Amino acid sequence: MTKRIAIIQGHPDAAGSHLLNAMADAYAAAAASTGHQVRRIEVAKLEFPLLRTQADFESGELPAALVPARDDMRWAEHWVFLFPLWHGTMPALLKGFLEHIFRPGFAMEYREKQFPRRLLAGRSARIVVTMGMPVMLYRWYFGAFGVRAFERSMLSFAGIKPIRESLYGLTFADEKKRLRWIEDMRGYGARAS
Ligand SMILES: Cc1cc2nc3c(=O)[nH]c(=O)nc-3n(C[C@H](O)[C@H](O)[C@H](O)COP(=O)(O)O)c2cc1C
């Protein structure tokens with residue numbers, strides 16, 4: 001069965017020469033060659049101000065530059081996020097992007113005196129993160145807090161399931177390992193997972 005996939009590249013550097021770019025390309029190429037439909041969002045290439053008030057969150061307009069990205073995410077059944085770990089969590093640019101996208105009516109429908117309705121049920125996600133430290137350290141000492149917070153407070157809270165994660169620590173990475181990670185992305189892309 002073919003799937004509609006949105007790949008959200010969250011590296012803040014628009015230069016596009018990072019390992020994460022090669023990983024996103026590998027995922028996209030494998031998914032497309034297996035018949036899946038792919039749309040790509042490069043957060044670093046979008047110009048937008050930060051969200052600053054609850055009033056804007058609740059009733060302001062989404063910045064025009066983010067409308068196509070919001071539409072692509074709505075269109076997709078499967079989201080793939082890629083970002084480097086910065087200070088234990090996602091870079092601020094990606095968080096700033098998601099704060100805009102996750103306005104009422106996109107992820108949650110807020111209701112008087114009731115639990116908000118989850119609007120993203122039926123979608124799945126994969127979170128791909130590179131980090132300087134060994135992944136074991138991030139998981140066991142830091143409790144992978146940035147990835148957990150993203151999963152729980154934004155994705156699963158809004159009904160996304162399953163959420164898979166691929167974490168890659170660069171400390172001991174050599175060329176062979178990097179190529180294997182790119183190969184991982186090809187596998188996930190081909191399976192749209
Ligand atoms: C501002 C900044 C903060 C970072 N914070 C962390 C961190 O908290 N933990 C970690 O393991 N690596 C950290 N790193 C390393 C990045 O995660 C790592 O360089 C990145 O995943 C590799 O991608 P790149 O070199 O292509 O940007 C940080 C890097 C930068 C620039």
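In this predicted model, His-87 sits in the loop that links S3 to helix H4, the helix covering 92-101. The backbone does something a bit unusual to look at here: the phi angle of His-87 is positive, at about 50 degrees, even though His-87 is not a glycine. His-87 also belongs to the set of residues that surround the ligand. That set takes in the run Pro-84, Leu-85, Trp-86, His-87 and Gly-88, along with His-18 and Leu-19, then Thr-130, Met-131, Gly-132 and Met-133, and finally Leu-170. Sorted by class, the shell around the ligand holds seven nonpolar and five polar residues, and no charged ones.

Stepping back to the whole chain, there are seven helices and seven strands. Going along the sequence, they come in the pattern β-α-β-α-α-β-α-β-β-β-α-α-β-α. The radius of gyration is 17 Å, close to the 16 Å that the globule rule gives for 193 residues, so the chain is as compact as a globular protein of that length. Along the principal axes, the C-alpha atoms fill a box of roughly 55 × 40 × 30 Å.

Next comes the sheet. Strands of a sheet pair through backbone hydrogen bonds, in either a parallel or an antiparallel way. Here, five strands make an open sheet in the order S2-S1-S3-S6-S7, and the pairing is parallel. Its edges are strand S2 (37-42) and strand S7 (163-169), each of which pairs on one side only. On average, and ignoring direction, neighbouring strands of this sheet are turned by 15 degrees against each other. At the S2 end, strand S1 (residues 4-9) pairs with S2 in the parallel sense over six bridges; one residue to look for is Ile-7, whose bridge partner in S2 is Arg-40. Helix H3 (residues 67-75) lies across S1, S2 and strand S3 (78-84), and runs at about 145 degrees to S2.

At the other edge, the loop between helix H6 (145-155) and S7 is home to Pro-162. The peptide bond leading from Lys-161 into Pro-162 is cis, and its omega is near -5 degrees.

Finally, there is a helix pair to pick out. Two packed helices are described by the angle between their axes and by the distance between those axes. For helix H1 (residues 19-33) and helix H7 (residues 175-191), the angle is about 35 degrees and the axes are 7 Å apart. The crossing of H1 and H7 is right-handed. On the H1 side, the contact involves Leu-19, Ala-22, Met-23, Ala-26, Tyr-27, Ala-28, Ala-29, Ala-30 and Ala-31. These meet Arg-178, Trp-181, Ile-182, Met-185, Arg-186, Tyr-188, Gly-189 and Ala-190 of H7. By class, the residues of this contact come to 14 nonpolar, one polar and two charged. Leu-19 links back to the start of the passage, as Leu-19 is also among the residues surrounding the ligand.

Technical notes. Residues numbered from 1 in each chain as written. Predicted model: local features only at pLDDT ≥ 70, side-chain atom pairs only at ≥ 80, totals over all residues. Near = placed C-beta within 6 Å. Nonpolar A, V, L, I, M, F, W, Y, C, P; charged D, E, K, R; others polar. Pairing = 2+ DSSP bridges. Helix = DSSP H or I, 4+ residues; strand = E, 2+ residues; numbered from the N terminus. Axes fitted to C-alpha atoms, helices over the stretch in contact; angles between N-to-C directions. Contact = placed C-beta atoms within 7 Å. Left-handed = near helix turned anticlockwise from the far one by under 90°. Rg over C-alpha atoms; globule rule 2.2 N^0.38 Å.
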